[in-house]
Amino acid sequence: SSSELALMKDSAVLINTSRGGIVSEDDLADALRQGTISGAAVDVFEQEPYSGALTTLPRCITTCHMGSMSSDCRSRMELEATEEALRFLKGEPLKQIVPEYEYAIAELQAKSQGRSRNVVN
């Protein structure tokens with residue numbers, strides 16, 4: 001939020017590679033315009049693909065949700081998915097359960113884009 005961004009030093013650079021919506025894109029754009037912080041790099045957005053104000057600001061680098069595109073990260077993701085599939089097949093407890101709120105977010109996004117999603121829990 002803007003109040004949290006205001007607590008940062010004006011020399012700070014905010015980097016968000018976690019989840020879209022963690023940082024308010026509008027508040028971040030305002031903070032960059034006003035010089036509250038000096039820069040930002042954002043790889044995840046509330047709505048993707050992103051085409052908002054951050055793409056127009058020279059002190060903000062936006063990338064298209066590619067933070068996990070390194071070969072070592074992809075290899076690790078493949079290994080974890082395989083291990084999880086094996087746990088499922090063996091009837092063992094899963095370790096990487098998708099949080100329920102992620103299903104709700106996906107459903108809201110699908111509805112806002114005029115499409116329906118059948119989410120299986």
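## Exercises on a three-stranded sheet and its surroundings

Leu14 has Ala40 as its bridge partner in E2. Let's build outwards from that pair. The model is a predicted one, where local features need pLDDT of at least 70, side-chain atom pairs count only at pLDDT 80 or more, and totals for chains, interfaces and linings use all residues. Residue numbers start from 1 along each chain as its sequence is written, and side-chain values use heavy atoms, leaving out hydrogens and water.

**Exercise 1.** Work out the strand order of the open sheet and find which strands are at its edges.

*Solution.*
- Step 1: Helices (H or I, at least four residues) and strands (E, at least two) are DSSP runs, numbered from the N terminus. Two strands pair if DSSP finds at least two bridges between them.
- Step 2: E1 and E2 run parallel and are joined by four bridges.
- Step 3: The three strands take the order E1-E2-E3, with parallel pairing. Strand E1 (13-16) and strand E3 (60-62) are the edges, each pairing on one side only.
- Step 4: From one strand to the next, the twist averages 5 degrees. Angles run from 0 to 180 degrees between N-to-C directions, with axes as lines fitted to C-alpha atoms, for helices over the stretch in contact.
- Step 5: Now add the helix: H2 lies across E1, E2 and E3, at about 150 degrees to E2.

**Exercise 2.** Place Ala41 in the fold and decide whether Ala41 is buried, partly exposed or exposed.

*Solution.*
- Step 1: Ala41 belongs to strand E2 (residues 39-42).
- Step 2: Set the cut-offs: buried is under 20% relative accessible area, exposed is over 50%, and partly exposed is in between (1.4 Å probe, protein chains only). Ala41 has a relative accessible area of 22%, so Ala41 is partly exposed.
- Step 3: Contact means heavy atoms within 4.5 Å. Leaving aside residues up to four places away in sequence, Ala41 touches Leu14, Ile15, Asn16 and Ile61.
- Step 4: Leu54 lies 13 residues from Ala41 along the chain, and their C-alpha atoms are 9.5 Å apart.

**Exercise 3.** Find which members of the largest nonpolar core touch the most other members, then look at Leu54.

*Solution.*
- Step 1: A nonpolar core is a set of buried Ala, Val, Leu, Ile, Met, Phe, Trp, Tyr and Cys residues joined through side-chain atoms within 4.5 Å.
- Step 2: The largest such core has 16 residues, and Leu28, Leu32, Ile37, Leu54 and Cys60 touch the most other members.
- Step 3: Helix H2 (25-34) and E2 are the elements that give two or more residues to this core. The largest share, four residues, comes from H2.
- Step 4: Beyond four places in sequence, the contacts of Leu54 include Leu28, Leu32, Phe45 and Cys60.

**Exercise 4.** Search for disulfides, then check Cys64 and Cys73.

*Solution.*
- Step 1: A disulfide is a pair of cysteine sulfur atoms within 2.5 Å. The whole structure has zero disulfides.
- Step 2: For Cys64, the nearest cysteine sulfur is that of Cys60, 14 Å away. Cys64 counts as exposed because its relative accessibility is 64%.
- Step 3: For Cys73, the nearest cysteine sulfur is that of Cys64, 15 Å away. Cys73 is partly exposed, at 26% relative accessible area.

**Exercise 5.** Inspect the backbone at Pro49 and His65.

*Solution.*
- Step 1: Pro49 is in the loop between E2 and E3. A cis peptide bond joins Glu48 to Pro49, with omega about 0 degrees.
- Step 2: His65 is in the loop between E3 and H3. Its phi is near 50 degrees, a positive value in a residue other than glycine.
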